[in-house]
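Visitor: Before we begin, could you show me the protein, and then explain how its terms are applied?

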Amino acid sequence: MSESLHTIEARLHALWTASLDGDTPSYERVLHLISGYLRSFFKKRLLSHPSDVEDLVQETLMAIHQKRHTYQSDQPLTAWMYAIARYKWVDHLRAHGRRGHLHDDIDDWANTLAVESEEDASDAHKDLDTLLAGLPARQREAIEHTRLHGLSISETAERTGQSESAVKVNIHRGLKTLIAKWGVRT
């Protein structure tokens, strides 16, 4: 994909905020674009069950529609939508008892760990805080700085006093630990 994550985020964010202001064509366009990203997200995770992809895309779009009022415009839209998608994916796996045949590219997690809403210190925020609190400090810092705050590896290394290699290793190990805590085997 030639389009950078920053460009994708900016385009989706602009359409989303316009849609929240009542612009129906923007809402239709952003949902169409989001559905493509969700489809790709689920296809990578449900390799042995491709028939479930469309169901999860529709369930996630419905949840995004129902939770649209919780989106905070100062937060990345993609992180918010992928957090919802991740919950739908995990719920689906639990409901269908599927644990052993998953594929989850560790680098895809860049967009999946995020706070869903500010209202009542949302369940997503509580879950995320709980999961991250169980990580060693260096892993937690690396994930928070890069995945939640959007800092680069070099910026994170500078702020945490770790080498760039150590930041990468700590992100990888921390995300692997989080996967294990969710009960998902990679």
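Guide: What follows is a short exchange on helices, burial and cores.

Guide: This is a predicted model, in which local features need pLDDT of at least 70 and side-chain atom pairs count only at pLDDT 80 or more, while totals for chains, interfaces and linings use all residues. Residues are numbered from 1 along each chain as its sequence is written, and side-chain values use heavy atoms, with hydrogens and water left out.

Visitor: How many helices and strands does the protein have?

Guide: Helices are DSSP runs of H or I with at least four residues, and strands are runs of E with at least two, numbered from the N terminus; by that rule the protein has eight helices and zero strands.

Visitor: Which residues of helix α6 are called buried?

Guide: Buried means under 20% relative accessible area, with a 1.4 Å probe and protein chains only; in α6, residues 137–148, this applies to Gln139, Ala142, Ile143, His145, Thr146 and Arg147. Buried residues make up 44% of the 186 residues in the protein.

Visitor: What makes the largest nonpolar core a core?

Guide: A nonpolar core is a set of buried Ala, Val, Leu, Ile, Met, Phe, Trp, Tyr and Cys residues joined through side-chain atoms within 4.5 Å. The largest has 30 residues, and Ile64 is among those with the most contacts inside it; α1, α2, α3 and α4 each give two or more residues to this core. A second, separate core of 10 residues includes Ala142 and Ile143.

Visitor: Which residues is Ile64 in contact with, leaving aside its neighbours within four places in sequence?

Guide: Contact means heavy atoms within 4.5 Å, and on that basis Ile64 is in contact with Trp16, Ile34, Leu38, Trp80, Met81 and Ile84.

Technical notes
Buried < 20%, exposed > 50% of the residue type's maximum accessible area, 1.4 Å probe, protein only.
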